[in-house]
Amino acid sequence: MVDTSDVKAHQLESGPAVCGPYIAVITNKTANLVIRGVMLFSVGVFLSLVLNLLQVQRNITLFPPDVITSVFSSAWWVPPCCGTVSVMIGLLYPCIDHCLGKPHKFKREWSSVMRCIAVFVGINHASAKVDFENNVQLSLTLAALSIGLWWTFDRSRNGFGLGVSIAFLATLTTQLLVYNEVFQYTSPDFLYIRSWLPCIFFAGVITMGNIGRQLATYECNVVQEKKHQD
């Protein structure tokens, strides 16, 4: 006869080594990625609609009149593009953590994620509502706030590096879109855009990366609890 206690002990000891730092409630990896992707896409679309509304209302971002198709005063292609980028960022952050063997454990709770989102919305709100004497003061203020957001909710080197890299690519893409007259910014002071826009991109990347990490961490905790119950 086989001792069942020895079998269970062996399963508990061998389980975490196989699963790794980020695992899903659904054992099918494809299904798990789809679920997390849908959630990240929905958050990205919602934030883009809300934050773009602030920019359009203050006439900071100007779209051609024929592309404004909703009560949120947003071009039709803006929400899906932001949602797609949000999915890429939200899945990339935990993937990079896993590849580096350094799972992010700093402030891994949903209350921290909600505060991070609130700070990001506040930074965007400041860029649209707060009046400064010049764009240089506004850019320096938003840069300090964005770095403060990273320090408060992330503090990882790979998170900072990804934030800067993706913000650079987003800024370059926006420059090309404005150059091709897809839309425009009023009073541009950094080639075709506002100088504080990279700060908004950086804060947005850190926020979506934080959400993506929390989704992965939450699923890991649920699976571990189910294994212990079994």
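Helices here are DSSP runs of H or I with at least four residues, strands are DSSP runs of E with at least two, and both are numbered from the N terminus. With that in mind, colour this predicted model by secondary structure and follow the chain from its N terminus, where the elements run α-α-β-α-α-α-α-β-α, giving seven helices and two strands in the protein. If you then colour by accessibility, buried residues make up 40% of the 230 residues. Among contacts with a separation of 6 or more, 78% are between residues 24 or more positions apart.

Next, turn to the largest pocket, which holds about 1100 Å³ of space. To find its centre, select Cys-82, Val-85, Ala-170, Thr-174 and Phe-201, which lie nearest to that point among the 35 residues of the lining. Widen the selection to helix 2 (29-57), helix 3 (78-100), helix 4 (110-129), helix 6 (157-179) and helix 7 (197-229), since each of these supplies at least two lining residues; helix 3 gives the largest share, with eight. Coloured by class, the lining shows 25 nonpolar and 10 polar residues, and no charged ones.

Now keep Thr-174 on screen, one of the residues nearest the centre of the pocket, and place this residue in helix 6. Thr-174 has a relative accessible area of 7% and is therefore buried, the cut-off for that class being under 20%. Show the side chain of Thr-174 together with the backbone of Ala-170, and you will find that the side chain reaches the backbone oxygen of Ala-170 at 2.8 Å. Then, setting aside the neighbours within four places in sequence, display the residues in contact with Thr-174, which are Phe-183, Tyr-185, Ile-193, Leu-197 and Phe-201.

For the last stop, select the aromatic side chains, among which the structure holds four aromatic pairs. Take Phe-160 and Phe-202, whose ring centres are 5.5 Å apart and whose planes stand at 70 degrees, so that the pair is edge-to-face. Because Phe-160 lies in helix 6 and Phe-202 in helix 7, this pair ties together parts that are 42 residues apart in sequence. Which of the two classes, buried or partly exposed, applies to each partner? Phe-160, at 32% relative accessibility, counts as partly exposed, whereas Phe-202, at 7%, counts as buried. Finally, add Trp-150 and Trp-151 to the selection, and you will have the cluster that ring pairs form from these two residues with Phe-160 and Phe-202.

Note on methods
Residues numbered from 1 in each chain as written. Predicted model: local features only at pLDDT ≥ 70, side-chain atom pairs only at ≥ 80, totals over all residues. Heavy atoms only, no water. 1 Å grid on protein atoms, 1.4 Å probe; cavity = no way out; pocket = protein on both sides within 12 Å on 5 of 7 lines; lining within 4 Å. Points joined across faces, edges and corners; volume = space filled by probe spheres on them. Nonpolar A, V, L, I, M, F, W, Y, C, P; charged D, E, K, R; others polar. Phe/Tyr/Trp six-rings, centres within 6.5 Å; stacked < 30°, edge-to-face > 60°. Buried < 20%, exposed > 50% of the residue type's maximum accessible area, 1.4 Å probe, protein only. Polar contact = N/O pair within 3.5 Å; in protein donor to acceptor, adjacent residues only side chain to side chain. Contact = heavy atoms within 4.5 Å.
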